[in-house]
Amino acid sequence: MTAPTVGELPTASQLLCAFQGRRYQDRELLRSAHALAMVHQHRARVWDATMITEIDHRRAELVDDINDWVAQEMPQHRSGTSLHTESLGAVVDRMARSWVCANHIIHAEGARSDNTHKHWYQLAELVDGYTDLVTDVVGGRRRLPEQ
């Protein structure tokens with residue numbers, strides 16, 4: 001049995017679980033989301049410019065994988081819908097980066113730190129934005145850019 005979705009797109013909760021390494025194996029998009037979180041964790045520990053370039057290249061590949069999946073699996077309503085400013089892959093990439101940062105800060109500074117609060121609040125805003133976006137895409141009120 002697979003988890004609920006918004007149309008065919010995963011919910012924000014599913015993405016967060018995928019970032020954590022839970023319940024992501026059954027869906028291609030969630031596997032890419034998990035891989036993005038792992039890449040961001042690795043990037044946070046690397047200082048070598050060549051390695052960062054390689055990591056960013058891998059991130060771009062994963063973002064493209066998500067965008068390709070969306071293009072194949074999600075019908076886009078073209079007439080009368082507003083165009084979102086970034087691809088779904090880019091949104092998931094930002095969420096993965098924010099999730100990694102928020103987890104790093106809470107472990108480094110503790111739950112009561114103002115910095116921790118700031119990072120978790122930013123992640124919550126991205127979660128809300130993602131939820132609104134996928135609801136609008138599935139409802140035909142918004143469309144995603146081709147890439």
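The protein has five helices and four strands, where helices are DSSP runs (H or I) of at least four residues and strands are E runs of at least two, numbered from the N terminus. Along the sequence these elements follow the pattern β-β-α-α-α-β-α-α-β. This is a predicted model, in which local features need pLDDT of at least 70 and side-chain atom pairs count only at pLDDT 80 or more, while totals for chains, interfaces and linings use all residues. Residues are numbered from 1 along each chain as its sequence is written, and side-chain values use heavy atoms, with hydrogens and water left out.

The C-alpha atoms fill a box of roughly 45 × 35 × 35 Å along the principal axes. Of the 147 residues, 40% are buried, meaning under 20% relative accessible area; exposed means over 50% and partly exposed in between (1.4 Å probe, protein chains only).

Now to the charges. The structure holds six salt bridges, each a side-chain nitrogen of Lys or Arg within 4 Å of a carboxyl oxygen of Asp or Glu. Among them are these:

| Acidic partner | Basic partner | N to O distance |
|---|---|---|
| Glutamate 61 | Arginine 58 | 3.2 Å |
| Glutamate 86 | Arginine 94 | 2.6 Å |
| Aspartate 136 | Arginine 141 | 3.2 Å |

Salt bridges that share partners also join Arg43, Asp56, Arg59 and Asp93 into one network.

Glutamate 61 and arginine 58 lie three residues apart in helix 3, so about one helical turn separates them. Glutamate 61 is partly exposed at 32% relative accessible area, and arginine 58 is partly exposed at 35%. Aspartate 65 is also found in helix 3, and counts as partly exposed at 32% relative accessibility.
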